[in-house]
Amino acid sequence: MNLRPKHYVGLLDRYRDRLPVTPDMRIISLVEGNTPLIPLEKLSREAGHEVQIFAKFEGLNPTGSFKDRGMTMAVTQAVHEGTRAIICASTGNTSAAAAAYAARAGVRAFVLIPEGKIALGKLAQAMIQGAVVVQIEGNFDDGMRIVKEMADAAPIAIVNSINPYRLQGQKTAAFEIVDELGRAPDYHCIPVGNAGNISAYWVGFSEYAGIKPRTAACGFCAEVCRFPQPAVTDSRPIMLGYQAAGSAPFVRGGPVEHPETVATAIRIGNPQSWDLAWAAVRESGGWVDECTDEEILQVQKLLAEREGVFCEPASAIAVGGLLRDIARGKIKPGSLITCTLTGHGLKDPDTAIKQSHSGVLRIPAQTDAVKRAILERM
Ligand SMILES: *Cc1c(COP(=O)(O)O)cnc(C)c1O
């Protein structure tokens, strides 16, 4: 299809010089990326200390989460290698993205999801997009173990974030942030589940600063990295990762056997990118902390009510952890801070409705009655 020359056609095209994209590849894209960096003006003001907080709203990707960034790259590569099927374990969003890009590419997607505990919107996406949805009697970590064993036995591409192409695609979010701000932020806050995304952002921020992340931070993606490239900025942010208290292996210092949290997207006890994530946190001088489910839901509501930004619970944790760290004086005054809001609130309508205490007014279909109800609440 012929489009205007400057028309945005997706992140593999925009950042192809910095990605393992070759001219002979058939690019599988849904025009993902290029998501807005939304200033959180009220929350910044209320947080005080002259901080400026921006939300990178990844919920506005085609399937409603950042997983699209990694999936366009991973599926493009898989198709290039001649793969006819892809597989992943998922807490929901990876399966939604895998299903969409598989549909686009014309390959089959198999997705393993945990029993119960998957947000309704994500399940709907995987189902209507024609993936084979396998619900296992276990959690995400069980699914991940099975997928790894399966891939050795069958000619099928794993598209979880242990696939180095996923992280390559995901690192472009860091590029976009720097391109938008004209500099790197002082801090970047991000939810941590399987820990692929925090690792990818660190690779992205590092590459843009002209620094090759230490082997530990690049490691397995070394062979697919296109480095060095010209530096775009001279600094990197401090990386702050946040986990749900019931599934916080990075805070506990080791795997959590029965992870639990309302933030189902990060209900993961045995993160696959353990070393990469630690490298990102340590090299940047950052930290990992936890938030309770109560805090997570409270901040999800705060973002929706005060800023009009509706993200899923797992995403809200980035802002929740940050606001607490600002209040505790752990963030330098005057800082420029970005937070990744990883997924859209519409993914999980049940949780949103459950915590909307105001509910829905029921009144007769009469103008007088409606008028009275409104005036009482002005
Ligand atoms: C996948 C996901 C995460 C966690 O990302 P990791 O790379 O697994 O750490 C967080 N939030 C949402 C909405 C997700 O879909």
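Setting aside neighbours within four places in sequence, Lys 67 contacts Asn 93, Thr 94, Ala 97 and Arg 166. I start there, and I should say at once that this is a predicted model. Lys 67 sits in helix H3, which runs over residues 67-80. The residue is buried and has no salt bridge. Where is the nearest side chain of opposite charge? It belongs to Glu 312, at 7.4 Å.

The next residue to look at is Asp 68, also placed in helix H3. Asp 68 is likewise buried without a salt bridge, and the nearest side chain of opposite charge is that of Lys 347, 6.9 Å away. With neighbours within four places left out, Asp 68 touches Glu 32, Asn 61, Pro 62, Thr 63, Ala 97 and Tyr 101. Ala 97 therefore appears in the contact lists of both Lys 67 and Asp 68.That brings us to H4.

Helix H4 covers residues 93-105. H4 has 13 residues and spans 18 Å from first C-alpha to last, close to the 18 Å expected at 1.5 Å a residue. How many of the residues of H4 are buried? The number is 11 of 13, and H4 is mostly covered. The buried ones include Asn 93, Thr 94 and Ala 97, each of which is a contact of Lys 67. Tyr 101 is also among the buried residues of H4, and Tyr 101 is in contact with Asp 68. The cover over these buried residues includes H3, E3, E4, helix H5 (120-128) and helix H7 (164-170). Just after H4, Gly 106 has a positive phi of about 80 degrees.

Now the nonpolar cores. The largest has 54 residues, and the members that touch the most other members are Ile 86, Ile 198 and Tyr 201. Elements giving two or more residues to this core include H3, strand E3 (85-89), H4, strand E4 (108-114) and helix H9 (196-208). Which element gives the most? H4 does, with seven residues. Another core lies apart from this one; it has 34 residues, among them Leu 40, Leu 43, Ala 55 and Val 319.

Back to Ile 198. Beyond its neighbours within four places in sequence, Ile 198 is in contact with Ile 190, Val 192, Met 239, Gly 241, Ala 277, Ala 280 and Val 281.

Next, backbone angles. Ala 195 is in the loop between strand E7 (187-191) and H9. Its phi is near 75 degrees, a positive value in a residue other than glycine. Is Ala 195 buried or exposed? At 3% relative accessibility, Ala 195 is buried. Lys 117, in the loop between E4 and H5, also has a positive phi, near 35 degrees. Lys 117 is partly exposed, at 39% relative accessibility.

On cysteines, the count of disulfides is zero. Why does Cys 189 not form one? The closest cysteine sulfur, in Cys 339, is 4.2 Å from the sulfur of Cys 189, which is too far for a bond. Cys 189 is buried, with a relative accessible area of 0%. Cys 88 is buried too, at 0% relative accessibility.

Last, the salt bridges. There are 20 of them. I will show a few.

Glu 46 and Arg 306 meet through their side chains at 2.1 Å, N to O. Glu 46 is in helix H2 (residues 41-47) and Arg 306 in helix H13 (residues 293-307), so this pair ties together parts that are 260 residues apart in sequence. Arg 306 is partly exposed, with a relative accessible area of 31%.

The salt bridge between Glu 305 and Lys 301 has its closest N and O atoms 3.0 Å apart. These two residues are four apart in helix H13, which means about one helical turn separates them. In general, an α-helix has 3.6 residues a turn, so residues three or four places apart point the same way. Glu 305 is exposed, at a relative accessible area of 56%, while Lys 301 is partly exposed at 22%.

Lys 330 and Asp 325 form a salt bridge with closest N and O atoms at 3.9 Å. For that pair, Asp 325 is buried at 0% relative accessibility, and Lys 330 is partly exposed at 36%. Finally, Lys 56, Glu 58, Arg 69 and Glu 176 are joined into one network by salt bridges that share partners.

Note on methods: Residues numbered from 1 in each chain as written. Predicted model: local features only at pLDDT ≥ 70, side-chain atom pairs only at ≥ 80, totals over all residues. Heavy atoms only, no water. Buried < 20%, exposed > 50% of the residue type's maximum accessible area, 1.4 Å probe, protein only. Lys, Arg positive; Asp, Glu negative; His and termini not counted. Salt bridge = Lys/Arg side-chain N within 4 Å of Asp/Glu carboxyl O. Contact = heavy atoms within 4.5 Å. Core = buried A, V, L, I, M, F, W, Y, C linked by side-chain atoms within 4.5 Å. Expected span 1.5 Å × (residues − 1). Disulfide = S-S within 2.5 Å.
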